Amino acid sequence: MSAPKVGTANGDWAEVVGKLVAEKIASRIAAKDATIWGPEAEHEASIRLGWVDLHDTSRPLLAEIEALQADLRSEGLDRIVLSGMGGSSLAPEVITRTAGVELVVLDSTDPSVVARALAGDLSKTVIVVSSKSGGTVETDSHRRTFVKAFEDAGIDAASRVVVVTDPGSPFEKLSADEGYRKTFLADPNVGGRYSALTAFGLVPSGLAGADIAELLDQAAEAAPELQADSTDNPALWLGAVLAASAGRDKAIITADGSDIVGFPDWAEQLIAESTGKNGTGVLPVAVEVGAPELRSEAEDLTNALLAEKATSGVPTALTSGSLGGQMLLWETATAVAGYLLGINPFDQPDVESAKKAARGLLDAQPEPEAAAFTEGVVEVRGSEGLLDGVDSLQGAVDALLGKLDSKGYVAVMAYLDSERDAELIGVRPALATKTGRPVTFGWGPRFLHSTGQYHKGGHPEGVYLQITGAHPQDVEIPDRPFSFGTLITAQAAGDANVLADRGRPVLRLHLTDVASGLKQLLSLFK
């Protein structure tokens, strides 16, 4: 194991760190002092600080998880599917990928993603359904669909469903009523994005074969240093780099040389949902190694790298250490950043807006908005005024990028299949090179539980490129008046409508044939 470390380059945060030490911010966070973030945040903070000592309080889960895994393996059940959104899927994904064990992460409503998860060997499959309340539309739809698939295959469905939820939730009652295999209750005083070391992170990871006891040991080793009022506390330095670099409100995150797999995506959600509100915040930009942003000298960027050296002249935090230690480090630093920004790092006031819009569209089932025009297999739509005088796909992209100012960013929002359509990710560095500005890339609806909060609540500087596709082979949702294809279409349209209503420029490209449409788009961005 290795304790977390933070080195800094191209900046001086000593005065800020000294102030944090003097105000005892680290020890007050460790003591769960809900007053740190001000009176407006106090109530929420009072029920959201359980994450600070999960390395101790989650220990009783280990034996329960180990016993269930042994029972499952004895029955030949070794294919674990996780249905979860946001922190409920991102943390287990990092944990299992880093451990090198297989976990099927289902955090999409794209019909082809759902169909692929269903196509695995059901005779060996257990689904872990993770939801604080059970009312999350994505996870409820996954659960219903897998239960029917098990039943259709002649399998006792209840014996194949494991639930992770909060105590006293409607989902706990449903699980008991349905007789599901096992219900794990998470700490209710932990928000989703801080839940890596709760049952939400540990249950699916442990059932898949990751060493979750070691993960808790790593966090426990890191805790004393992260809770100390000391100028050597790495969480204070990372928090200062993220939130106290004047005018620098976009953090480029990558893992270069680290053996932690997928960490930037987890950190992206943690920072975006925690800080992107009240018209302020830090925009995390998860990028590949060697990304164009890492060579930028832009005045509004910082770097937060899992690496040993800085890659540009912008202010940089360099972090290292074990996965459990890094998770506690970044959680603590994000709480520190919230204090420095003067915001509540534990709420997510704008996430619900897109959910409400999608529900409204599902209920109303309106006809699709007419396309402004079609080029090849791409239907083009845009927010009000964006496409005035535009009659080509290239012109539409140029019109969107023309709204990008010197402090702006581009958000690519792809409501497609992240495995089948993985080549689309190449659009991200291509746009970053073309514009000289940071570009985020999110698979929908997953990103709605991550950067979606910042899109609506953070600095109003973004331009938004939404890409959707046709669903020639849809998947029905049992006992629901809509299919997965209808659901993801409503989620995309709802998100675009909320952004447009807030004055954000949105270009919507719909691929009537996904394979051909991807080729058309990729050739456009070469």
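Here are three short exercises with worked solutions on helix packing and aromatic pairs in a predicted model.

Residues are numbered from 1 along each chain as its sequence is written. In this predicted model, local features need pLDDT of at least 70, side-chain atom pairs count only at pLDDT 80 or more, and totals for chains, interfaces and linings use all residues, while side-chain values use heavy atoms, leaving out hydrogens and water.

**Exercise 1.** Find how helix H6 and helix H13 pack.

Solution. Start with the elements: H6 covers residues 87–99 and H13 covers residues 263–275 (helices, H or I, of at least four residues and strands, E, of at least two are DSSP runs, numbered from the N terminus). Next, take the geometry: the angle is about 150° and the axes are 9 Å apart (axes are lines fitted to C-alpha atoms, for helices over the stretch in contact, and angles run from 0 to 180 degrees between N-to-C directions). H6 is therefore roughly antiparallel to H13 (over 145 degrees; under 35 is roughly parallel, 65 to 115 roughly perpendicular, the rest oblique). Finally, list the contacts (heavy atoms within 4.5 Å): Gly87, Leu90, Ala91 and Val94 in H6 meet Phe263, Asp265, Trp266 and Gln269 in H13.

**Exercise 2.** Describe the packing of helix H5 and H10.

Solution. First, the angle between H5 (residues 59–74) and H10 is about 35°, with the axes 9 Å apart. Then look at the residues: Leu61, Ile65, Leu68, Gln69, Leu72 and Arg73 in H5 touch Ala199, Leu202, Val203, Gly206, Leu207 and Ala208 in H10. Sorted by class, this contact has nine nonpolar, two polar and one charged residues (Ala, Val, Leu, Ile, Met, Phe, Trp, Tyr, Cys and Pro are nonpolar, Asp, Glu, Lys and Arg charged, and the others, Gly among them, polar).

**Exercise 3.** Which ring pairs link Trp37, Trp51, Tyr194 and Phe346 into a cluster?

Solution. Begin with the rule: rings of Phe, Tyr and Trp (its six-membered ring) pair if their centres lie within 6.5 Å, with planes under 30 degrees apart stacked, over 60 edge-to-face and the rest tilted. The count comes to ten aromatic pairs. One of them, Trp37 with Phe346, is edge-to-face at 5.0 Å centre to centre and 85° between the planes. These two residues are 309 residues apart in the chain. Trp37 is buried at 8% relative accessibility and Phe346 at 2% (buried is under 20% relative accessible area, exposed over 50%, partly exposed in between, with a 1.4 Å probe and protein chains only). Then add Tyr194 and Phe346: their ring centres are 5.4 Å apart and their planes at 50°, so this pair is tilted. Tyr194 is buried too, at 2%. Ring pairs thus join these residues and Trp51 into the cluster.
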